[in-house]
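This briefing covers a single structure, shown below. The points that follow are grouped by topic.

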Amino acid sequence: MAILSWSFRILLLVGSVTVFAVISRCIKKRKMQMRDGIFWIVMSFLLILVSAFPVLAVWAAEFIGIQSPSNCVFFLIIFFLGCHQFYLTIRISKLDMKNSKLTQHVAIQKTLEDEGEEQ
């Protein structure tokens, strides 16, 4: 089984280090919460490991049963991004429900205050 090409390894390394730096900067400047940034930091760290030690990608490809290590890397990236997207969808749905309840609560409070002022 072929090991990852040098160009792919360099692309993974540069991309991972860039993502790590950008996410760290966003967390430091409080543009992103730590719990949201942890996923991206872990992903970039894993990709740095794979680019530094391509044997990990070969082992994972053999374990999963994928023919090419680079296809395995892409598959795992897409899989984890899909899982993260599902998690974010759940969080957004919960926030949307909370927002609707809060809007209704504020409308009821405002109506009660308006009725109290009229009497």
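What should the 19 residues of helix α2 (residues 34-52) span at 1.5 Å a residue, and how far apart are its end C-alpha atoms? The expected span is 27 Å and the end C-alpha atoms of α2 are 26 Å apart, so the two values agree. The model is predicted, and the values here are computed from it. The points below take up helix α2 first, then its salt bridge and packing, then α1 and the loop that follows.

**Helix α2**

- The buried residues of α2 are Asp 36, Gly 37, Phe 39, Met 43, Ser 44, Leu 47, Val 50 and Ser 51.
- These residues lie on the same side of α2, because the arc they cover around the axis is only 150 degrees.
- The cover over the buried residues of α2 includes α1 (6-28), α3 (55-64) and α4 (69-118).

**The salt bridge**

- One salt bridge is found when the whole structure is searched.
- Its partners are Arg 91 and Asp 36, whose closest N and O atoms are 2.5 Å apart.
- Asp 36 belongs to helix α2 and Arg 91 to helix α4, so the pair ties together parts that are 55 residues apart in sequence.
- Are the two partners buried or exposed? Both Arg 91 and Asp 36 are buried.

**Packing of α2 against α4**

- The axes of α2 and α4 are 12 Å apart, and the two helices pack at an angle of about 175 degrees.
- Because angles over 145 degrees count as roughly antiparallel, α2 is roughly antiparallel to α4.
- On the α2 side, the contact is made by Arg 35, Asp 36, Phe 39, Trp 40, Met 43, Leu 47 and Val 50.
- On the α4 side, the contributing residues are Val 73, Ile 77, Phe 80, Leu 81, His 84 and Arg 91.
- Asp 36 and Arg 91 are thus named both in this contact and in the salt bridge.

**Packing of α3 against α4**

- The axes of α3 and α4 cross at roughly 80 degrees and come within 8 Å.
- The range for roughly perpendicular is 65 to 115 degrees, and α3 and α4 are therefore roughly perpendicular to each other.
- From α3, Ala 57, Val 58, Ala 60, Ala 61 and Ile 64 take part in the contact.
- From α4, the contact involves Pro 69, Cys 72, Val 73 and Leu 76.
- Val 73 of α4 appears in the contact with α3 and also in the contact with α2.

**Helix α1**

- With 23 residues at 1.5 Å each step, α1 should span 33 Å, and its end C-alpha atoms are 33 Å apart, which agrees.
- Phe 8, Arg 9, Leu 12, Ser 16, Ile 23 and Ile 27 are buried in α1.
- Among the elements covering the buried residues of α1 are α2 and α4.

**The loop between α1 and α2**

- Arg 30 is located in the loop between α1 and α2, just after α1.
- Although Arg 30 is not a glycine, its phi is positive, at about 60 degrees.
- Arg 30 counts as exposed, because its relative accessibility is 77% and the cut-off is over 50%.
- Gln 33 lies in the loop between α1 and α2 and is partly exposed, with a relative accessible area of 47%.
- Gln 33 and Met 97 are 64 residues apart in sequence, and their C-alpha atoms are 21 Å apart in space.

Methods. Residues numbered from 1 in each chain as written. Predicted model: local features only at pLDDT ≥ 70, side-chain atom pairs only at ≥ 80, totals over all residues. Heavy atoms only, no water. Helix = DSSP H or I, 4+ residues; strand = E, 2+ residues; numbered from the N terminus. Expected span 1.5 Å × (residues − 1). Buried < 20%, exposed > 50% of the residue type's maximum accessible area, 1.4 Å probe, protein only. Arc of directions from axis to C-beta. Contact = heavy atoms within 4.5 Å. Salt bridge = Lys/Arg side-chain N within 4 Å of Asp/Glu carboxyl O. Axes fitted to C-alpha atoms, helices over the stretch in contact; angles between N-to-C directions. Parallel < 35°, antiparallel > 145°, perpendicular 65-115°, else oblique.
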